[in-house]
Amino acid sequence: MSAHALRHFCSPAMTTPMKTNLLDLDRAGLTDFFTARGDKGFRATQVMKWIYGQGVTDFEAMTNISKGLRTDLQGCAEVCLPKVVSDHLSDDGSRKWLLQMADGNCIETVFIPEAGRGTLCVSSQVGCMLNCSFCSTAQQGFNRNLGSGEIIAQLWIAARDLGQTSDGERVISNVVMMGMGEPLLNYDNVVRAMGIMLDDYGYGLSRRRVTLSTAGVIPALRQLREDCDVSLAVSLHAPDDLLRDQLVPLNKKYPIRELLDACKDYVGEGRRRVTFEYVLLAGVNDSDAHARQLARCLEGVPAKVNLIPFNPFPETRYQRSSGNRTHSFFEILNKAGIVTITRRTRGDDIDAACGQLAGQFQDRTRRRERMQKATRVAGL
Ligand code: SAH
């Protein structure tokens, strides 16, 4: 980590509650922040260019801003970043950061390089309340939502550490909200952070290149279409409600048919498709009959299917499907005319694969109470 970054990370002792963390504000929020202080609204885009375009967090280095305002900003604002606790590089080029928030909680962010693109997998919550039976994050329970500044900071830190390609392009071309947590249960913060990802003065990514992955919180999904219609991935994992109830308990509240209707509405009439994620679990959801049922269930839905090899973790009852089984499942979907890809598993050697993101909790006490309260608030 550079000395520059060290000056700006926030540890509990260094937090300054009176100061506004500018990472928590999108362009509209920053404009309000400056106008409320009697300054010009265009300061918002000036400051965003420094923070997101140049990676500058020190107001003193923002040289097109008057000395007076810089001093003023030192007193009332900050760009507060999580601390990088560890930064691991996998043999296959994936990279995983363990980041510590100001309150001591830790989350993980993963970069996955592929031919022609680089994808950052971003977390939205510390832990998760959905309790999917095949996911290691579920074992931790839920601690809290991340603030929008903590979400966008993951991109800031990864972009800084990854730098640029040899031809001056950004290394991160795509973002997936597919790390720890259920993004649609932290709606406002996730939408604000994605707004900065899309903003020309933020990271300028196109909607196609930002993907939100959800287990299917239907009301929030319908709202998302209005507020920030990024690409959509849905964690399906089963072709019928009985099985999906076991794998993704949220299905009891939002069953498959209603979810698929919401997906159709989300993409509308155009050429967009929803990516359905399907983790293949040996002997559980991976038979030829399951594949045929899945193909039938997706009839009339603009769909792509992403078959994901199960990533094991300690004490899991599941096993990865064999290569032959995976191939047979793939062929059935393919013959049914569904665009299907089999995802390679990445970052195995650094536990960076899907469902292996663990993070750490600062406060493991009262976990059950916190979980109960959170699920009540989320209406689950
Ligand atoms: N809550 C969101 C995003 C987090 S999960 C969602 O459910 O989509 C991101 C993806 O990783 C999901 O498709 C999830 O099903 C998958 N995943 C979780 N645990 C996994 C595991 N052990 N092996 C492989 N994929 C897993």
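Reader: How many residues of each class does the shell around the ligand have?
Author: This is a predicted model, where local features need pLDDT of at least 70, side-chain atom pairs need 80 or more, and totals for chains, interfaces and linings use all residues. Residues are numbered from 1 along each chain as its sequence is written, and side-chain values use heavy atoms, without hydrogens or water. Ala, Val, Leu, Ile, Met, Phe, Trp, Tyr, Cys and Pro count as nonpolar, Asp, Glu, Lys and Arg as charged, and the others, Gly among them, as polar. By class, the shell has two charged, eight polar and ten nonpolar residues.

Reader: Which residues come nearest to the ligand?
Author: A residue is near if one of its heavy atoms lies within 4 Å. Of the 20 residues around the ligand, those that come nearest are Phe 134, Ser 213, Ser 235, His 237 and Asn 311.

Reader: Which side chain has an N or O atom 3.0 Å from a nitrogen atom of the ligand?
Author: A polar contact is a pair of N or O atoms within 3.5 Å. Ser 213 has a polar side-chain atom 2.6 Å from a ligand oxygen. Ser 235 also places one 2.6 Å from an oxygen atom of the ligand. For the ligand nitrogen, the side chain is that of Glu 182.

Reader: Which strands each supply at least two residues of the shell?
Author: Strands here are DSSP runs of E, at least two residues, numbered from the N terminus. Those supplying the shell are E10 (210–214), E12 (274–280) and E13 (303–309).

Reader: In the hairpin of E3 and E4, which residue takes a positive phi?
Author: Two strands pair if DSSP finds at least two bridges. E3 (residues 83–89) and E4 (residues 95–100) pair in the antiparallel sense over six bridges. One bridge joins Ser 86 to Leu 98 in E4. Five residues lie between the strands, and the one with a positive phi, near 95°, is Gly 93.

Conventions:
Helix = DSSP H or I, 4+ residues; strand = E, 2+ residues; numbered from the N terminus. Polar contact = N/O pair within 3.5 Å; in protein donor to acceptor, adjacent residues only side chain to side chain.
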